[in-house]
Structures are given as structure tokens and as C-alpha cells.
Amino acid sequence: MQLDKTGKNYIYTDEQLMARFQGGDEQAYIELVNRYRNKLLNFVYRYFSDFEISEDIVQDTMVKLYLKKHYYKEIAKFSTWLYTIAKNLAMTELRKKKQRRVTFLSQMTRDEKPYDIPSDQPGTDQEIQSDITNKIIRKAIDELSEKFKTVIVLRDIQELSYEEISSIVRVPIGTVKSRINRARLQLQVELKHLRK
Amino acid sequence: MNRYEFENLISDYLDGSIPFKMRKEFEDYLKKDPDAKSLVNNIRITISNMNKIKKVKTSEDFNEKLLKRVKKEGLVSRSNNNTIFGFTPFYASILTCLSVAFFVVASHLYNISQNSSVNNVPNHYTNNSENNIPLQSKNANIDKNYLVDSNNDTLQDKQEKQKPKNSNKIKFVNY
């Protein structure tokens with residue numbers, strides 16, 4: 001099967017690929033993995049700021065996609081279904097991580113708070129500036145509560161529609177809009193603090 | 001338009017989904033309040049910066065590792081499918097043992113209950129010679145004093161016997 005693509009216009013939609021995969025075409029599975037691995041990684045990465053954990057969660061998501069392929073029904077958008085799996089796995093991992101953090105809190109000083117960003121080597125001043133801005137924004141996003149972080153990442157970084165976000169987080173569109181609005185306002189407050 | 005209404009409409013304004021009438025009100029508010037204008041601009045810049053946040057990419061051997069895992073976990077899940085009526089062989093054998101034990105115990109209890117019901121058959125159906133003694137001759141063996149006593153009960157005695165003994169209750173109330 002040929003799965004050529006021109007830009008973002010794929011020959012097969014995600015749903016068509018999923019149907020082929022459900023029919024036993026494993027090449028379709030590889031194509032779906034290739035389409036979503038980076039998107040999901042960037043989504044999950046906002047929760048952990050840790051590349052390895054995030055990649056593991058994306059792997060878990062893809063394994064679930066493989067093993068539970070028959071649970072998918074075409075009434076839902078494939079991307080929404082996949083993001084929901086990734087979000088649930090991320091939340092489970094986050095809960096585990098929080099429990100672990102509570103256990104070791106007494107052994108950890110304030111400066112040792114885990115927060116690593118992959119190192120990049122900027123060349124020009126502009127790159128340095130954009131790198132600093134990136135770090136500040138990431139930190140500001142990290143400061144948001146989970147419900148705000150999820151919607152803001154899905155909307156402003158993943159660029160999903162309100163309808164898709166509504167299906168993923170399972171709240172009405174009105175609530176999604178309101179959360180995004182409040183998250184953006186709160187982000188401004190956090191950024192003001194970080195820029196000082 | 002007040003501040004609360006203004007803040008609620010910022011995202012709609014930036015998304016371009018604000019109704020025309022509201023849009024005009026919103027822009028009038030922006031003209032009046034420079035802080036509000038700078039807030040909207042800052043949010044717009046933040047959104048554009050968020051779009052530019054460096055995207056992380058999966059490692060090169062991501063697919064390779066994934067396919068290995070898929071094969072491994074696929075095999076595990078397939079082996080898990082070897083079930084008997086939805087139970088794993090271990091649980092199925094335990095369940096079988098329990099059900100056999102239940103039937104054995106149940107049949108044993110049933111036999112016991114049947115035997116006891118045979119023993120409870122009225123005396124005149126059995127061959128026991130002692131039990132065949134007529135009722136009158138049995139009564140003849142009972143202590144004669146008792147017969148005398150019972151026969152000597154006058155009507156007054158019987159009435160006294162039937163009277164409820166309230167003496168204790170009265171004592172209790174008085175106490």
C-alpha cells in the first residue's frame with residue numbers, strides 16, 4: 001500500500017487508516033504512528049517536561065492503539081480517541097509521580113525541584129532570546145492547574161478545535177472556551193511574575 | 001461593557017468568533033481602557049509564542065522499540081486469551097474443584113436429611129414392639145399420685161393457676 005502525502009494532505013484519512021488497520025493492515029498502523037508520535041509527544045511533554053517519561057507514555061499509547069484497535073468506532077474522530085488515551089495515561093503517570101514526590105519531599109531541597117529542558121545550542125542573539133521566551137512560557141504553563149494546562153496545550157500548542165478538545169477532556173464546548181479564556185488570563189499573570 | 005464581560009470575551013475576540021454587535025462594544029472598551037488593550041495584545045503575543053515553542057521529536061529508534069513492544073505485548077495478550085469460559089486455566093480449575101465439592105457436600109446433606117425423615121415416621125408405622133404398647137396401658141405406668149393430684153384440683157385452684165402473677169410487677173412499681 002502506498003501512503004504518499006503532499007504536505008498535510010494525506011491520501012488516507014486517519015479514520016480510513018484505522019479501518020484498514022482493524023482489517024489487519026499493519027502498514028496502516030505504522031502510518032498512524034508516524035502521523036501522531038510527535039504530536040502526542042509534544043502534548044505529553046507539557047505535563048512532565050521530561051523527554052524519557054513523555055516518550056514512554058507515547059509508546060504506551062501506541063501499544064494500546066495496537067492492542068485495543070477493535071474498541072475504536074468511527075463515530076469519534078481518531079485523533080480525539082488517541083489524544084484521550086494519551087491524556088489518561090499521562091494523568092495516571094502524573095498521579096504516580098505526585099505520590100512519589102510526596103514520599104521524597106522531605107529529602108529534597110527547593111532548588112532540586114525536577115525541571116529539565118532539553119539542552120539546545122543557540123547560535124545568534126535572536127535564538128537566545130527565543131529560547132529564553134520558550135523557557136519562560138513553558139514554566140508559566142507548568143504553573144497552571146491541570147485542567148487549564150490541558151486545554152491551553154491542546155488549543156494553543158496542538159491547535160485542536162474546541163470540539164476536539166471538548167471530546168478529549170469530556171466537558172461541554174462552553175466550558176472548554178471558558179477554561180481557555182481563564183487559562184490565557186492566568187498565563188499573563190504568571191508571565192508577568194516570571195519576567196520580573 | 002464591564003471588566004468581567006470584557007475578560008470573558010477576549011478569546012472569542014482573538015478567535016474571531018465574537019458576534020458583530022459585541023465586537024463593536026469590545027473595541028470601544030479597548031479604546032477607552034489602555035490596560036485592556038495591552039492585555040489583549042499580550043495574550044495575542046503569548047499565543048503566537050506558544051505556537052513557536054520548540055517542538056520535541058521522538059527518538060530515531062522510536063518505531064523500532066515500539067514494534068518490539070507491540071510484538072511482545074501482543075503475544076502476552078494472545079496467551080491471555082487462552083481462557084475457559086472467560087476464566088484463566090488456574091481459576092477455571094479452582095472453580096471446577098469448588099463446584100465438585102459443593103455437589104458432594106450437597107448430596108451428602110441430602111442423604112442425611114432423608115435418613116432423619118425416615119426416623120421421624122410416627123411410632124405406629126414402625127415394628128418396634130415397645131412402641132406398639134396401647135396408649136391406655138402406657139398411662140397405667142404413670143405415677144398414681146400425679147393422677148390423684150391432678151384429679152383433686154378444684155375449680156378455684158384452676159382459676160388461681162390461670163390468674164397472672166402481678167405481684168412482681170406491683171413490687172417493681174412500688175420500688
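# Exercises on a predicted two-chain model

Among contacts in chain A between residues at least 6 apart in sequence, 60% join residues at least 24 apart. The structure is a predicted model, and the predictor assigns the complex an ipTM of 0.70 and a pTM of 0.61.

## Exercise 1. Composition of the chains

Determine which elements make up chain A and chain B, and what share of each chain is buried.

Solution.
- Step 1. Chain A holds eight helices and two strands. Read from the N terminus, its order is β-β-α-α-α-α-α-α-α-α.
- Step 2. Chain B has nine helices and zero strands.
- Step 3. A residue counts as buried if 20 or more other C-beta atoms lie within 10 Å of its own. By this criterion 33% of the 196 residues of chain A are buried. In chain B, buried residues account for 6% of the 175 residues.
- Step 4. Confidence is to be kept in view for chain B: the average pLDDT is 76, and 61% of the residues score at least 70.

## Exercise 2. Helices α1 and α2 of chain A

Describe how α1(A) and α2(A) cross, and identify the residues that meet.

Solution.
- Step 1. Two packed helices are described by the angle between their axes and the distance between the axes.
- Step 2. For α1(A), residues 14-22, and α2(A), residues 26-48, the axes come within 8 Å and cross at roughly 145°. The crossing is left-handed.
- Step 3. From α1(A), the residues in contact are A:D14, A:L17, A:M18, A:R20 and A:F21; their counterparts in α2(A) are A:A28, A:Y29, A:E31, A:L32 and A:R35.
- Step 4. Sorted by class, this contact comprises six nonpolar, no polar and four charged residues.

## Exercise 3. Helices α1 and α2 of chain B

Establish how α1(B) is oriented relative to α2(B), and classify the residues of their contact.

Solution.
- Step 1. The axes of α1(B) and α2(B), the latter spanning residues 20-32, come within 11 Å and cross at roughly 115°.
- Step 2. Angles of 65 to 115 degrees count as roughly perpendicular; α1(B) is therefore roughly perpendicular to α2(B).
- Step 3. The handedness of this crossing is left-handed.
- Step 4. α1(B) contributes B:F6, B:L9 and B:Y13, while α2(B) contributes B:M22, B:R23, B:F26 and B:Y29. These residues divide into six nonpolar, no polar and one charged.

## Exercise 4. The interface between the chains

Find which helices of chain B supply at least two residues to the side that touches chain A, and give the class composition of that side.

Solution.
- Step 1. The interface brings 28 residues of chain B into contact with 30 residues of chain A.
- Step 2. On the chain B side, at least two residues each come from α1 (3-15), α3 (34-52) and α4 (62-80).
- Step 3. The largest share, nine residues, is supplied by α4(B).
- Step 4. The side of chain B that touches chain A consists of 10 nonpolar, 11 polar and seven charged residues.

## Exercise 5. Positive phi in chain A

Locate A:E159 and A:R170, and decide whether each is buried or exposed.

Solution.
- Step 1. Most residues other than glycine have a negative phi. A:E159 has a positive phi, near 55°, and A:R170 likewise has a positive value near 55°.
- Step 2. A:E159 belongs to the loop between α6 (146-157) and α7 (162-169) of chain A. A:R170 sits in the loop between α7 and α8 (173-195) of chain A.
- Step 3. The cut-off for an exposed residue is 12 or fewer other C-beta atoms within 10 Å. A:E159 has 11 such atoms and is therefore exposed. A:R170 has 9 and is therefore exposed.

Definitions and conventions:
Residues numbered from 1 in each chain as written. Chains lettered and ligands numbered in written order. Predicted model: local features only at pLDDT ≥ 70, side-chain atom pairs only at ≥ 80, totals over all residues. Axes fitted to C-alpha atoms, helices over the stretch in contact; angles between N-to-C directions. Helix = DSSP H or I, 4+ residues; strand = E, 2+ residues; numbered from the N terminus. Left-handed = near helix turned anticlockwise from the far one by under 90°. Contact = placed C-beta atoms within 7 Å. Nonpolar A, V, L, I, M, F, W, Y, C, P; charged D, E, K, R; others polar. pLDDT = per-residue confidence, 0-100. Parallel < 35°, antiparallel > 145°, perpendicular 65-115°, else oblique.
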